[in-house]
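Student: I have a protein model open and would like to learn how to read it one feature at a time. Could you take me through it?

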Amino acid sequence: MTPHRGDARAAEERAAEEERAAEEERAVEQALALVARRPQAPYPPPDRSGEAGTRTEPGTRTEPGVHPEPGTHPEPGTRTGPGTHTAPGAPTSSAPAQGDPGPEAPEPGCRPPGPVSRNGSASADAGPADTAPVHGAGPTHDPTPAPVHGAGPTHDPTPAPVHGRSASPQAHRPRAAAWDGARALAERLGRTAPLAAHRLPLDRALGHVLAEAVVALTDLPSFDTSAMDGWVVAGPGPWTVREGEGLLAGRGSSEPLPDGHALRIATGARLPADATAVIRSEHAHCDEAKGLLHATRDVVPGQDIRPRGQECRSGDELLPVGTVVTPPVLGLAAAAGYDALVAVPRPRVDVFVLGDELLTAGLPREGLIRDALGPMLAPWLRSLGAEVAEPRRLGDDADALREALVTSDADLILTTGGTAAGPVDHVHPVLARIGAELLIDGVAVRPGHPMLLAQLPDGGPCLVGLPGNPLAAVSALLTLAEPLLRGIAGRPAQDRYRAPVHEEVHAHPHDTRLIPVVHRDDSVVPLHYNGPAMLRGIAAADGLAVVPPGGVRSGTEVEILDLPWASASPWTEGCFT
């Protein structure tokens with residue numbers, strides 16, 4: 001019996017989908033292997049020699065604490081100059097190192113070119129109701145509809161480089177990297193070149209990450225103290241009351257207290273030797289006529305006494321490396337006798353806003369739109385622990401972009417818009433022109449799939465290219481920039497958790513989708529206005545739901561990405577800004 005034509009077609013589609021998934025997996029594995037050849041570097045110690053170039057304040061550059069001998073080369077993973085990183089374990093050019101396997105050959109599929117737009121395929125990210133102007137998009141005259149992500153190979157007039165190779169206009173774009181793999185690669189890349197540690201006074205350490213553990217310098221408390229206001233007694237009662245003002249915090253006597261005697265004591269005061277217990281004021285009765293103290297409750301030896309070393313003993317580790325310095329951390333460090341902490345500097349980030357059509361004030365007019373990303377990115381990045389320079393607006397000027405990239409001394413560069421293949425999309429050509437290494441060129445996530453991750457040449461900083469659509473840019477920020485910054489700063493990974501969605505969520509057939517949500521009781525509720533050009537949904541959200549390809553039914557548990565301000569309290573100074 002001849003198989004039905006529809007069955008054969010379905011089989012072909014399944015085979016094509018399996019091949020597509022395999023190609024994505026190979027691309028991510030290749031990039032991870034590339035980063036894996038870069039050894040993890042410990043934090044260089046703070047430079048205490050007072051040499052020039054030492055970073056002593058946030059916002060200044062720091063040289064590594066260990067310098068190579070003359071005639072030798074620095075170890076992989078060390079900083080070699082302001083704002084630069086040595087490419088650990090790998091040559092600085094795109095050619096493979098001797099004895100090191102080079103990148104794989106280009107994948108057989110080419111990335112579809114999409115319409116002439118700063119943000120790639122409009123039909124891929126945007127729904128029919130989402131037709132707002134593209135943030136950072138120039139005028140377009142291409143009436144051809146964009147191919148759907150995952151369609152058959154087409155010829156791209158401006159192909160992007162092969163995953164893992166230097167940017168080259170002659171190379172074909174691979175298929176997009178898987179979302180999970182892209183995030184893992186970004187974080188791992190950040191951890192290959194941590195910043196040199198520096199010593200900060202307590203009043204400037206808030207929000208930094210510990211590069212050295214906080215170890216107890218003494219027992220806490222360092223002597224036996226009273227936990228309550230009341231009477232310190234020795235031996236069994238009733239007790240003879242000793243005259244005087246009693247023992248006060250900071251002015252206690254170390255003279256022993258004889259058995260059968262009692263003495264007034266204040267909270268925090270040092271106990272006299274041989275004391276048995278502290279009786280709270282409300283649990284004691286003083287017979288002034290006879291000069292005797294009686295307890296109204298049973299007295300247990302050791303009650304209401306904070307014994308020496310109750311909290312810690314000298315040498316105990318109080319806080320491990322990687323702890324974010326919060327107000328309670330500052331308090332504990334002060335109590336333990338610290339005046340300064342050794343911490344990782346906040347990563348420095350430069351933001352370059354691209355697009356001639358962007359306004360910085362007033363209402364949109366005559367085809368011009370407001371820049372939504374410039375005002376949003378700097379405080380968002382600061383909430384992630386970064387120091388951010390004032391965003392620079394470069395317009396659609398390839399030479400200005402090149403000059404900004406090669407002169408930046410930041411640890412991370414973010415660009416907005418220009419990541420597609422339109423006539424004014426200059427990010428790919430400029431990266432190719434300066435010899436940058438393109439690690440990720442597109443991620444299988446909606447919105448935001450035209451994002452990219454590159455390493456500037458000669459151990460320069462990493463660059464994350466954000467799409468111009470505002471919510472697409474947020475997606476790229478959380479996919480690539482946030483884990484990369486976390487790695488550079490040595491911050492711990494966000495705890496991954498899942499929550500059920502309150503209603504059915506539709507998604508892309510092949511790509512992950514990030515949906516703004518708000519927590520309600522034990523579930524999350526998807527928010528409307530979640531198109532790639534919209535910010536109305538994310539402005540009301542406290543997290544993003546990671547929806548797998550194909551969508552989920554109501555009640556299905558999905559991974560949740562918390563937004564940095566979801567648990568902010570007044571003392572955070574704007575999440576450590």
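Student: Let me begin with helix H5, residues 373–383: how many of its 11 residues are buried?

Tutor: In this predicted model, a residue counts as buried when its relative accessible area is under 20%, and eight of the 11 residues of H5 pass that test, so the helix is largely enclosed by the rest of the structure. The buried ones are Leu-373, Gly-374, Met-376, Leu-377, Ala-378, Trp-380, Leu-381 and Ser-383. As a general idea, an α-helix has 3.6 residues a turn, so residues three or four places apart point the same way. Just after H5, you will also find Gly-385, which takes a positive phi of about 95°.

Student: What share of the residues in the protein is buried?

Tutor: Of the 577 residues in the protein, 50% are buried. The surface that the protein exposes comes to about 26,300 Å², and carbon and sulfur atoms supply 53% of it.

Student: Which residues does a buried residue such as Thr-415 touch?

Tutor: Begin with its place, which is in strand S19, residues 412–416, and then with its relative accessible area of 1%, which makes Thr-415 buried. Once residues up to four places away in sequence are set aside, Thr-415 touches Phe-352, Leu-354, Leu-401, Val-427, Leu-463, Val-464, Gly-465 and Leu-466.

Student: Where is Ala-234 found, and is Ala-234 buried or exposed?

Tutor: Ala-234 lies in the loop between strand S5 (230–233) and strand S6 (239–241), and with 0% relative accessibility it counts as buried. Apart from neighbours within four places in sequence, its contacts are Trp-239, Leu-257, Pro-258, Asp-259, Gly-260, His-261, Asp-274 and Thr-276. Take Asp-274 from that list: it is 40 residues away from Ala-234 along the chain, yet their C-alpha atoms are separated by 6.6 Å. For the protein as a whole, among contacts between residues at least 6 apart in sequence, 74% join residues at least 24 apart.

Student: How should I read a sheet, for example the one with the order S1-S13-S2?

Tutor: Look at the order of the strands and at the sense in which they pair; here there are three strands in an open sheet, and the pairing is antiparallel. Strand S1 (198–201) and strand S2 (209–210) stand at the edges with a single partner strand each, so one side of each has no neighbour in the sheet. S2 pairs with strand S13 (residues 340–344) in the antiparallel sense over two bridges, and Leu-210 has Ala-343 in S13 as its bridge partner. In total, the secondary structure of the protein comes to 10 helices and 28 strands.

Student: How many disulfides does a search of the whole structure find?

Tutor: A disulfide is a covalent bond between the sulfur atoms of two cysteines. The search of the whole structure finds zero. Among the cysteines you can inspect, Cys-312 is buried with a relative accessible area of 3%, and Cys-462 is buried with 8%.

Student: Where does the pLDDT stay under 50?

Tutor: Where pLDDT is low, the predicted coordinates should not be read in detail. One such stretch is residues 34–41, where pLDDT stays under 50 and the model has 30 contacts beyond four places in sequence. Residues 48–173 also have pLDDT below 50, and this stretch has 295 contacts in the model beyond near neighbours in sequence. For the protein, the mean pLDDT is 75, with 67% of the residues reaching 70 or more.

Key:
Residues numbered from 1 in each chain as written. Predicted model: local features only at pLDDT ≥ 70, side-chain atom pairs only at ≥ 80, totals over all residues. Heavy atoms only, no water. Pairing = 2+ DSSP bridges. Helix = DSSP H or I, 4+ residues; strand = E, 2+ residues; numbered from the N terminus. pLDDT = per-residue confidence, 0-100. Contact = heavy atoms within 4.5 Å. Buried < 20%, exposed > 50% of the residue type's maximum accessible area, 1.4 Å probe, protein only. Areas by Shrake-Rupley, 256 points an atom, 1.4 Å probe, with all protein chains shown as cover. Disulfide = S-S within 2.5 Å.
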